[in-house]
Each structure stands twice: as C-alpha cells, then as structure tokens.
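Hello,

Here is the structure you asked to look at. Please open it first and keep it beside you while you read the notes below.

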Amino acid sequence: MKPLTLLIKPASGLCNMSCRYCFYKSASACRDNIIMSYDTVDLLIQKIVSFQPSALTFMFQGGEPLLAGIDFYKYFVSSVRDSVRVPVSYALQTNGLLIDDEYAGFFSENGFLLGVSLDGDKSVTDRNRSDNNGRSVFDRVMNSINILRSHSVDFNILSVIDDESVKETEKTYSFFKDCGFSFIQFIPCIDSESAASISMTAYESFLKKSFDLWYNDYIQGNYISIRHIDNYLSILLGMPPENCAMCGFCGNYFVLEADGDLYPCDFYCDSLNRVASLSDEKPFEINDKHRAFIDESKVIHNHCRKCRYYILCRGGCKRDRINGYSENRYCKAFYSFFEYAGERMLSIAARIKSE
Ligand code: SF4
Ligand code: SF4
C-alpha cells in the first residue's frame, strides 16, 4: 500500500480575480472552465477505495477552488468519511475572496490547512492582483484572514514575486511579520507570457535579501517559516524536501481536473500531458506516460553533475529547465545564493542537530 496525493481542481481554471501574472491566461494552460460534478467525486472515491492507499492527501487548487461552493466541499468530505478508512489530510489554496464564517467553520472542523494568496502590503498586492472588475482585493483578503483566525484555521501566505516586488522585499517581509504571518511561501513569477515576471538578477537579489532577513530573525530566536529555506535546511539535516521542485525530480502525484482527467503536475495540465482519466480501470497506477514525465526530470545536466551545490539545489523544478532537462534558467541565481548563504545555512543546520 502506498500513500496517494491528489491535487484537485474542482473549479478548473475558473477565477473571480484577474491577476496580471495569472498562469491561466496563457494559451497553453487553457482548460474548459467547469465545476466538478458530484458524479466525478463519487467516481474518484470509488477509484481511491479500489487503489487502497495507505494514506491520502487532498490539496484543492484552482483557478479559485472555492468557486465550487461550500456544498461541494461538504459533499466531498462526507463522502470521504463514509468510504475511506485511512488517514486523510486536506489543504486548499485560495485567493481568499469567498471566505466567510461558514467556510472558515467548515475548514476548522475538518482540519484543512489553507494557503492564502497575498503578495505583500496593499501597494505591493494591488500592483498585480485585482478582482474581475479591476478593484483592489487587499482589504477583503485581510478580512478573510481575520475570519480564518477567529475560527483557528491554520493558514500560510503565498506571495508571488516579480521584478518590481523584489525591490520591496524588506517591506514585504516586515509587513508579513507585523501581521503575525509566520508561514510564508514565495513563488517566483517565471511565466514569460505573463505581464509580470522575474529576471535572474532580481531572483538572485530576492534569495539573498530574504535569507538575510530570515537569518537575522532566526539568530535572535524569532523563527519565521519560509518554505524554500525550510526545505534547504531539511536537506542539510538529511531529510527529504517536501517541495517536489527541490527534490531533483518530479513527484509521484496526480492533478485531477474538474472533468476527471489526470495530469502529472499542475504546470502541465494540457492535452499533451494528460496521463489518465478517472474512468480508466486503474487511474492511480503510474503508467508509462506518467513514468516518462517523471523520468525526464531525473536527467541531470552536466553542469549540475559537477556543481558543488547539487546536493542542495538538485537542478530545481523541471518547469524551470529549458526543455525539461537542460540547465535551470535560474542556475546563476541559485549558485550565487548558495555561495552567499551556504555557510550560514550549514551552521544553522548544525545548531538544530545539536539541540
Ligand atoms: S515540474 Fe516542477 S512542480 Fe511539477 S512535478 Fe516536476 S518538479 Fe514538481
Ligand atoms: S546551482 Fe546550477 S549547476 Fe548547480 S545544481 Fe543548481 S542548477 Fe545545477
């Protein structure tokens, strides 16, 4: 028996926001924007039961997954509860606009971990994120975060960084800290088709500045969780990183689109990379097409083979490698960052080990 991780897109690419950098605006990511039906949920549970996983992780994502409506989630969770007898965990990534007391109460009761998208303070967030009428969402998202807090829902913050926001790394970090956000994930905006993106030099600068800020807090006993730094420390402590983009190869997980099709990664939900469908007899057995997708990510570029930092970097996410297996487009940024922060990361890892 193996664990099964499913990233589910119940509202496909549908969204009630219109962010400048949205990945779904690029033609390659277009999907039919439909809401997952209860029949598809039933079929999913049936296939899970016959797969007999040892544990289950459901991660809901979009577009905006809350557009599926609270009844969808109630149906989903009660169907899982009725049929599945293994440990189950739930996570959901949202832009926060639709969160209300009912949703927050439901998430709290069912142990959901939420990711809320917020790039920084009002001026940083408003530069790239707005609703479909072009209005600021900042106050509404902050209000939603207060609702989550009032229901004791665990959440982290997801901030997308681009060339402009990197100039305000310090301000963004301080803002998150002042708000008491202690679990943060920064994602570089790499989509070249997007209106916002991040250059090599800006990314390098971000990695260094954010590390300095994090480090200064850490040595004063104030630990803030920043996902990529946590993962580097895990590696140095001999543990596997939880982020597939830092493992050196793609993960054995599935993305389930609203129509029941399965893909190997959220960044590859297109007809070329469709690996299975829930209507297949054994959709969760990794088939040849899925295996080939993962194997491609295991090809190590010559530069990486010789690189003293390969153990930490592992060549990065396949999406950032030109053609999937060439050199990573941010190689120079990573290398320079490791030269800059490697010793300090090693000393912190040694300190954690000795505690
Ligand atoms: S392409 Fe990147 S994000 Fe997708 S599965 Fe591979 S490593 Fe993970
Ligand atoms: S820093 Fe560059 S060469 Fe070194 S492992 Fe990372 S991508 Fe490869």
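By class, eight residues of the shell around ligand 2 are nonpolar and four are polar, with no charged residues. The model is a predicted one. The shell itself consists of His 303, Cys 304, Cys 307, Tyr 309, Tyr 310, Cys 313, Gly 315, Gly 316, Asn 328, Cys 331, Phe 334 and Tyr 335.

Which helices supply at least two residues each to this shell? They are helix 11 (302-306), helix 12 (310-313) and helix 13 (331-354). Helix 13 gives the largest share, three residues.

Ligand 1 has its own surroundings: Cys 244, Ala 245, Cys 250, Gly 251, Cys 265, Phe 267, Ser 297, Cys 317, Lys 318 and Arg 319. Six residues of the shell around ligand 1 are nonpolar, two are polar and two are charged.

Now the sheet. It is open and made of 10 strands, with mixed pairing, and the strand order is 7-6-5-4-3-2-1-8-9-10. Why is one side of strand 7 and of strand 10 left without a neighbour in the sheet? Strand 7 (225-226) and strand 10 (276-277) stand at the edges and each has a single partner strand, so one side of each has no neighbour there.

Further inside that order, strand 2 (residues 56-60) and strand 3 (residues 88-94) run parallel. Five bridges join strand 2 to strand 3. Across this pair, Phe 60 stands opposite Leu 92 in strand 3.

Regards

Methods. Residues are numbered from 1 along each chain as its sequence is written. Chains are lettered from A and ligands numbered from 1 in the order in which they are written. This is a predicted model: local features need pLDDT of at least 70, side-chain atom pairs count only at pLDDT 80 or more; totals for chains, interfaces and linings use all residues. Two strands pair if DSSP finds at least two bridges between them. Helices (H or I, at least four residues) and strands (E, at least two) are DSSP runs, numbered from the N terminus. A residue is near a molecule or strand if its C-beta atom, placed from the backbone, lies within 6 Å of it. Ala, Val, Leu, Ile, Met, Phe, Trp, Tyr, Cys and Pro count as nonpolar, Asp, Glu, Lys and Arg as charged, and the others, Gly among them, as polar.
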